[in-house]
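Biologist: Could you take a close look at the aromatic side chains for me, and then carry on from there to the rest of the model? I'd like the cut-offs spelled out as you go.

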Amino acid sequence: MQHDNPIMQLRGVVKGFPNGTLALRGVDLDIEQGKVHGLLGANGAGKSTLIKILSGAYWATLGDIIWRGNPVKWDSPKAANDMGVATVHQHIPLVPTLSVIENIFLGNRGLWRLSAGIRREYEELCQRIGYRLDPDALVGNLSIGERQMVSIMTAVGTGADLIVMDEPTASLAAEERELVYTTVRRLSKGENKAILFVSHFLDEVMALTDQVTVLRDGTAVLRANTADLDEDRIAEAIVGKQIVALERQAQERTPTAGTARLQLQNLASKGRFGPISLEVGRGEVLGVAGLLGSGRSEFLHAIYGSDRDATGTVLLDGLAVARNTGAAVKAGMGMVPEDRMAQGLVPEFEIWRNTTLPALGGVSVLNAMPIEERERERGWEAIRTLSIKASSPDILVKDLSGGNAQKVTIAKWLYSGVKLFLLDEPTAGIDIGAKTDILRLVRKLASEGQSVIIVSSEFEELLAVSDRIIVLRDGQCVAVRSAHETSEHELLLLAGGQAASVEAAVH
Ligand SMILES: Nc1ncnc2c1ncn2[C@@H]1O[C@H](COP(=O)(O)OP(=O)(O)OP(=O)(O)O)[C@@H](O)[C@H]1O
């Protein structure tokens with residue numbers, strides 16, 4: 001690989017954690033100005049650790065960081081930021097109670113009043129990026145895609161020359177992803193910025209990046225120009241072996257006919273979605289396709305009772321479920337929300353404790369005293385079933401990589417007698433090897449009689465795993481299709497309206 005203009009170089013970077021984990025084992029990396037550098041690797045390969053070192057959040061245990069030709073030792077994100085490195089983190093650290101403009105300029109201005117100058121600066125930033133949000137909109141009211149754009153604008157607004165993006169498209173639909181790509185291209189080609197782009201999506205890495213580094217178990221196992229690679233080669237480097245493509249298994253099964261597990265009658269939430277009436281059978285997987293803002297997550301929250309404004313009736317196995325999450329869990333629903341860290345896990349607890357949180361019935365005496373041995377065994381089982389990269393169930397969830405923590409949120413419901421799984425983007429941020437494992441697990445749950453409603457921005461995934469797919473657009477259910485009767489193309493058209501730019505999808 002030729003390096004014309006490296007702005008950032010890592011040489012032999014090692015990172016060990018106090019619990020003994022060696023997350024990076026001597027990594028070299030060269031990021032050039034005006035180029036997009038893709039960083040890939042399975043969950044737990046070391047990507048976030050590397051990013052934290054680049055952005056000053058962690059010290060490297062060993063090795064050199066060379067910025068514009070000079071070795072540096074950053075002791076804080078602010079120090080890295082002052083030198084010209086900005087990071088767009090995976091879990092977007094925005095302040096929900098502040099406005100867009102306040103969030104964007106908060107960090108580098110401290111306390112200040114909104115002046116005409118700042119507003120002008122905001123408009124200039126929007127011009128540069130080619131995207132505009134209402135500067136006074138509250139961040140808490142924005143969609144995940146819009147929040148992602150606020151994070152990117154914040155990074156660009158610092159004037160950084162290297163922008164590190166940690167899975168910026170992880171839970172975005174095709175159209176919103178396209179927005180991020182356009183921004184990345186503008187910044188690299190138009191403004192000569194260097195971009196480090198972390199992603200699990202091979203198609204976008206092929207389409208967007210100039211160079212690629214693949215980490216496996218803390219080692220850079222592939223460093224090459226993207227033009228010299230193809231998806232198979234990258235996938236092989238990520239998992240260390242050839243992987244089987246997503247199989248489409250939908251045709252092979254028929255859910256138990258005539259037995260409704262879930263019945264929704266006029267379920268609606270004002271300004272969000274609905275009314276929607278439908279049934280989900282025992283052993284059925286219902287896919288929900290829709291773009292960001294279509295009401296897809298809101299739909300799940302209403303079923304689960306976490307939307308207190310929702311109206312309508314939800315019946316599980318013929319019995320009405322009161323509209324609160326406690327009643328939903330008691331009735332047999334399990335929810336894996338999109339914003340996992342905020343809603344799904346207790347980071348300070350071990351894997352085993354998180355895995356058995358909702359399921360103490362099976363591992364305790366009279367539901368009161370958990371038997372630790374059995375709980376730990378569950379933890380091991382979860383590690384095996386979902387290929388969680390952890391040396392034991394005693395590892396704290398906060399010490400897991402993002403993707404592995406996410407697997408724990410799924411594991412959490414597996415052993416709790418759940419009858420209806422509500423999965424919001426269950427494979428976002430999950431590496432390609434484990435993605436197929438999770439989809440297979442969904443099929444397995446269905447074959448055992450559980451029902452599943454799954455929301456995914458990746459329609460290919462919905463087609464692979466669902467029996468039926470409903471399409472939401474602007475809060476309305478605009479189509480119901482049997483999975484084997486539809487296609488990704490049709491779903492995209494339906495989800496975006498006929499006029500939707502299908503080209504927006506990455507090919
Ligand atoms: N604070 C920590 N303490 C101990 N171990 C950690 C800590 N942070 C990460 N690890 C471990 O270091 C390894 C690398 O994790 P890292 O978060 O860098 O992976 P990743 O490639 O970003 O994964 P993902 O795709 O899931 O986000 C993992 O084994 C993880 O469990």
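Modeller: Sure, and one term first: a residue is buried if its relative accessible area is under 20%, exposed if it is over 50%, and partly exposed in between, using a 1.4 Å probe and protein chains only. This is a predicted model, so local features need pLDDT of at least 70 and side-chain atom pairs count only at pLDDT 80 or more, while totals for chains, interfaces and linings use all residues. Residues are numbered from 1 along each chain as its sequence is written, and side-chain values use heavy atoms, leaving out hydrogens and water.

Now the rings. Phe, Tyr and Trp rings (for Trp, the six-membered one) pair if their centres lie within 6.5 Å; planes under 30 degrees apart are stacked, over 60 edge-to-face, and the rest tilted. Searching the whole structure turns up three aromatic pairs. One of them joins Trp-67 and Trp-74, edge-to-face, with 6.1 Å centre to centre and 65 degrees between the planes. Trp-67 counts as buried because its relative accessibility is 3%, and Trp-74 counts as buried because its value is 7%. Phe-273 and Phe-299 also pair up: their ring centres are 5.7 Å apart and their planes sit at 80 degrees, so this pair is edge-to-face. Phe-273 belongs to strand β12 (residues 273-281) and Phe-299 to helix α9 (residues 296-304), so the pair ties together parts 26 residues apart in sequence. Helices (H or I, at least four residues) and strands (E, at least two) are DSSP runs here, numbered from the N terminus. Both Phe-273 and Phe-299 are buried. Strand β12 also holds Pro-275, and the peptide bond from Gly-274 to Pro-275 is cis, with omega near 5 degrees.

Some rings have a charge over them, meaning NZ of Lys or CZ of Arg is within 6 Å of the ring centre and within 35 degrees of the ring normal. Arg-177 lies over the face of Phe-201, 4.2 Å from the ring centre, and Arg-353 lies over the face of Phe-349 at 5.3 Å.

On to the ligand. Counting a residue as near if one of its heavy atoms lies within 4 Å, there are 23 residues around the ligand, and Lys-47, Ser-48, Thr-49, Ser-401 and Gly-403 come nearest. The shell splits into six nonpolar, 13 polar and four charged residues; nonpolar covers Ala, Val, Leu, Ile, Met, Phe, Trp, Tyr, Cys and Pro, charged covers Asp, Glu, Lys and Arg, and the others, Gly among them, are polar. Backbone N or O atoms of Ala-45 come to 3.2 Å from a ligand oxygen, and those of Gly-46 to 2.9 Å. The side chain of His-200 has an N or O atom 3.2 Å from a ligand oxygen. On its own the ligand has 640 Å² of accessible area, and the protein covers 91% of that, with areas from the Shrake-Rupley method and a 1.4 Å probe. Helices α1 (47-54) and α15 (402-414) each give two or more residues to the shell.

Lastly, Asp-30 sits in strand β2 (residues 22-32) and is buried, at 2% relative accessible area. Its side chain makes polar contacts with the side chains of Gln-9 (3.1 Å) and Arg-11 (2.8 Å). A polar contact is a pair of N or O atoms within 3.5 Å; within protein, one must be able to donate a hydrogen and the other to accept it, and residues adjacent in sequence count only if both atoms are side-chain atoms.
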